[in-house]
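User: I should like a close examination of one helix in this model and of the salt bridges in which its residues take part. Please then place that helix in the setting of the other local features of the structure.

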Amino acid sequence: MTTSSPRWTPRWWHWLLLVVVFVLLLIFTVLLTLRTAGRADYQRVLTDLRAQSKAATIDEFIAQAPIVDISLQEAWHRWSSSAPDYPDLGGRTFKPDEWIRYVAGEAPASPVIVQEIEDRRAQMQIARDLLRDPRLLVSTYGSLAQDLPPGKRRLHHTAAVRMPNLLTARSLANWLHHAACTETDPRPALDDFDRFHRALSRPATLIDAMIWVAISAIRNDAYLHLALLGRLPEANRASWLAEECRLVAGVADGLDSERMLFTDSWAQMGEDTSFFGSFWALQIGTGFSTTPTDEWKEWLSFRWLYSGPWAWATIHHDSAVTAELVAHISARLRGERADPVPDWTVTQPRYWGYGAIGVSNLMESAIVALEADAKHRMFRLAVTIISDVPTDGLPPDQIALDQRLGDGAWLTPTGDHLHLSYERLGDHRFRLVVSPSSPIPNFDIPGRLTGRTKPFGAPADKRSLVTHPQVEVELPARLRTLP
């Protein structure tokens, strides 16, 4: 007599388990397919960049970075981390109206600000001594070698890299500006300001470039104020007038560097992360973290569970979209290509995952630099006009100014520059402003032109000196006797 083995009868939960396993395998297959396709997208972008002789990855970026003197850079970081604010951020010492009356020759320098300049002298001298070494770089390039050694170049490393401090830079620039305008000999402080400007001129991030733009504006003020005071050294004036304004190109450099410093390090972090490791290593909450956020709102959402694997699957593709966008912007700003940058409403839908949240309004930085370029030319024209007044007087109109200058390179330059207009507002007053008929590059926002040109044709301002958005100057009393 034979006995048959008992027949296995699947229970309902067996079917449920089978469905769950099937769904999980299907999800993993979809995620892996997206990841594979995204890898191909990112490699295509890197290949295209290398074909244009551009560095593509963070390793290539650091390999081509300028060699720095580490001890010199560390000395600068020590100073900038403990430098004083100047002028007093509480607004108790520096009064802008008092300062304008001083540079306009209407009042002596405030003894309070003169004393504060003296009080900060010893601390600012440390920075001045460092600036006299031409190897110093006041940019993120100065800390790359120390902060990002091989093996420590993923996003959580690059996010912690040391960058210049805007408040420290602004304090030093303001101090050099005021020292040059109040000291018996303006040349030492102005020379150091020129050195500071040079040290800022190698941006390695967008923040570096924006700090350079901000400090360049303070430097313009220093040159104009010294011209109004009749104390601008001729050698400094000639060098400043002849220099090329590279602020727009600086933004392009900063964007290209960020493409490698942050976008590639993000892609490489995804490359190094396993599927299971992505649940905590790539989790998206209020930011990248290694554990679920403690915020109760995040725990009420399932994002902390699925965001890591979704980022794992889409990180390469999103990196490709960002790298392509940033490379396009930087090439457009350098004039390497003329086609407009795609609108964000076109670019954003191309992202598969969370890549869009890491992209700021990149074009705004380019527009700020474009306006700074126009303002720099306004200041240089204003200084030139003021310097010529004792012999030639004020130009009666823009045609006369064009003839005096000999070319239109400052008023109506070619390329990606805003055009300027000159207006004589009286016997002793003139204005420089963006021209209402100015062409605008295709990376600008057309509606911005209205705000820039609003002062054109308006009555003269009541203040002795206006520098935003126009440059409007009332000649000081020492220049009011026309030849």
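Analyst: The following account begins with one helix and then turns to other local features.

The model is a predicted one. The helix chosen is α6, which comprises residues 121–131. Within α6, the residues M124, A127, R128, L130 and L131 are buried. These residues lie on the same side of α6, because they cover an arc of only 160 degrees around the axis. The general geometry of helices is relevant here: with 3.6 residues a turn, residues three or four places apart in an α-helix point the same way. The partners of the buried residues of α6 are three helices, namely α3 (70–82), α9 (166–182) and α10 (187–199), against which they pack.

R128 belongs both to the buried set of α6 and to a network of salt bridges, in which it is linked with D129, R132, D192 and R195. As a general matter, side chains of opposite charge can pair when their charged atoms come close.

The network may be set beside other salt bridges, of which the whole structure contains 39. In one of them, E116 is paired with R120, with the closest N and O atoms 3.6 Å apart; both E116 and R120 are buried. Another joins R431 to E423 at 2.9 Å, N to O, and these two residues are likewise buried. A further salt bridge connects D185 with R187 at 3.1 Å, N to O. Here D185 counts as partly exposed because its relative accessibility is 31%, and R187 is also classed as partly exposed, because its value is 46%.

A polar residue in another helix also merits attention. N220 is located in helix α11, which spans residues 206–229. Its relative accessibility is 4%, and N220 therefore counts as buried. The side chain of N220 makes a polar contact of 2.8 Å with that of H376. When neighbours within four places in sequence are set aside, N220 is in contact with W240 and F379 as well as with H376.

The interior can also be examined for enclosed space. The search of the whole structure returns one cavity of 30 Å³ or more, and the largest cavity holds about 50 Å³ of space. Its lining consists of T93, F94, K95, E98, W99, Y102, A109, S110 and I113. Helix α4 (residues 96–103) makes the greatest contribution to this lining, with three residues.

Finally, several backbone features deserve a separate note. In general, most residues other than glycine have a negative phi, and most peptide bonds are trans. The bond from Y86 to P87 is cis, with omega near -10 degrees, and P87 is situated in the loop between α3 and α4. A cis peptide bond also runs from H468 to P469, with omega near -5 degrees; P469 lies in the loop between β3 (465–466) and β4 (471–474). S53 has a positive phi of about 60 degrees, although S53 is not a glycine. S53 is found in the loop between α1 (12–51) and α2 (58–63), and it counts as exposed because its relative accessible area is 70%.

Methods
Residues numbered from 1 in each chain as written. Predicted model: local features only at pLDDT ≥ 70, side-chain atom pairs only at ≥ 80, totals over all residues. Heavy atoms only, no water. Helix = DSSP H or I, 4+ residues; strand = E, 2+ residues; numbered from the N terminus. Buried < 20%, exposed > 50% of the residue type's maximum accessible area, 1.4 Å probe, protein only. Polar contact = N/O pair within 3.5 Å; in protein donor to acceptor, adjacent residues only side chain to side chain. Contact = heavy atoms within 4.5 Å. Salt bridge = Lys/Arg side-chain N within 4 Å of Asp/Glu carboxyl O. Arc of directions from axis to C-beta. 1 Å grid on protein atoms, 1.4 Å probe; cavity = no way out; pocket = protein on both sides within 12 Å on 5 of 7 lines; lining within 4 Å. Points joined across faces, edges and corners; volume = space filled by probe spheres on them.
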